[in-house]
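Dear colleague,

I am handing over the structure we spoke about, with the sequence alongside. Please look through both before reading the notes underneath.

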Amino acid sequence: MSIISSIIFYSLLSGITVFLGGLFSLFFEKNFKKGFLKDEIVHFFIAFGTGIMLSAISFVLVPQGLEKTSVLLAITLFLFGGIIFYLIDGYIQSKAGNIAQIMAMLLDFIPESIALGALFAYDYKIGIILALFIGLQNFPEAFNSYLELRKSRFSIKKTLLILFLLSFVGVIFSLLGYYLLSSNQNITSALMLFASGGILYLIFQDIAPSLRYKNNRLIAIGVNIGFIVGIFSKTFSI
């Protein structure tokens, strides 16, 4: 399989979980009545997605970013990513309304996809690992995005159509990353560090505060489980 074919294939696999997460959320919506159990499951999925995001930062984005970047520059990029995501997140919260969750999902999905396309040019195996992390991360984020859109009175068909179309965003930006960044590992490394800082900001600003639900501390174990999945994903890809 050529590099272009691989990028399209793996970015499609990582992106289709957006639609699959929506379908699973539809099943969840129809089969679970409102109540304590339903809310706990939703919060557990949030925690699980957090663990996956931390895995992506720990095992791919930061290690790969540091390979071609000095420590001082890496720290600067990491902090800059957090600041930029802080500003964008503030804008989303004030302007995006009922699509805030989807916009937040795209906020980390897009830079990761760009890095994915660039990575395939010089480290095929790491590219596959990143695609796996993106796919695992998108599933719980799409699960929550579906519920948010439904609460905002979007129809089932419109909600699923939005998520289906967003499944292909990764392909577009992965190809863009390949054609623009594959010949410059330094920029790719900088992008991964920038994205890491931004994603870490999102985790502790928007996601982590919602993990504590009615004094049920067990939900936060979902973070551990998500991180464990990341460990196995990294291990089996080596």
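What follows is a short account of what was found, moving from the whole chain to a surface patch and then to two single residues.

Please bear in mind throughout that this is a predicted model. The chain has 238 residues, and buried residues make up 50% of them. Its secondary structure comes to nine helices and zero strands, so that, read from the N terminus, the order of elements is simply α-α-α-α-α-α-α-α-α. Among the contacts with a separation of 6 or more, 85% are between residues 24 or more positions apart in the chain. The accessible surface comes to about 11,500 Å², and carbon and sulfur atoms account for 70% of that area.

On this surface there is a nonpolar patch of about 490 Å², made by I8, L12, L161, F164, L165 and F168. Two elements, α1 (3-31) and α6 (156-166), each give two or more residues to the patch, and the largest share, three residues, comes from α6. F168, for its part, is found in the loop between α6 and α7 (169-181). With a relative accessible area of 34%, F168 counts as partly exposed, because this value falls between the 20% limit for buried residues and the 50% limit for exposed ones.

The next residue to look at is N144, which lies in helix α5 (residues 124-151). Is N144 buried or exposed? The relative accessible area of N144 is 13%, and N144 is therefore buried, since the cut-off is under 20%. A polar atom of the N144 side chain lies 3.1 Å from the backbone oxygen of P140. Leaving aside residues up to four places away in sequence, N144 touches V42, I46 and Q101.

Further along the sequence, R153 has its place in the loop between α5 and α6. The phi angle of R153 is near 70°, which is a positive value in a residue other than glycine. As background to that value, most residues other than glycine have a negative phi. R153 has a relative accessible area of 78% and is therefore classed as exposed, the cut-off for that class being over 50%.

If you open the model with these points in mind, you may wish to begin with the patch residues, including F164 and L165, and then turn to N144 in α5 and to R153 in the loop between α5 and α6.

With best regards

Definitions and conventions:
Residues are numbered from 1 along each chain as its sequence is written. This is a predicted model: local features need pLDDT of at least 70, side-chain atom pairs count only at pLDDT 80 or more; totals for chains, interfaces and linings use all residues. Side-chain values use heavy atoms; hydrogens and water are left out. Patches are made of residues with over 30% relative accessible area and no salt bridge: like charges are joined within 9 Å, nonpolar side chains (Val, Leu, Ile, Met, Phe, Trp, Tyr) within 5 Å. Accessible areas come from the Shrake-Rupley method with a 1.4 Å probe; for residues, only the protein chains shown count as cover. A salt bridge is a side-chain nitrogen of Lys or Arg within 4 Å of a carboxyl oxygen of Asp or Glu. Helices (H or I, at least four residues) and strands (E, at least two) are DSSP runs, numbered from the N terminus. Buried means under 20% relative accessible area, exposed over 50%, partly exposed in between (1.4 Å probe, protein chains only). A polar contact is a pair of N or O atoms within 3.5 Å; within protein, one must be able to donate a hydrogen and the other to accept it, and residues adjacent in sequence count only if both atoms are side-chain atoms. Contact means heavy atoms within 4.5 Å.
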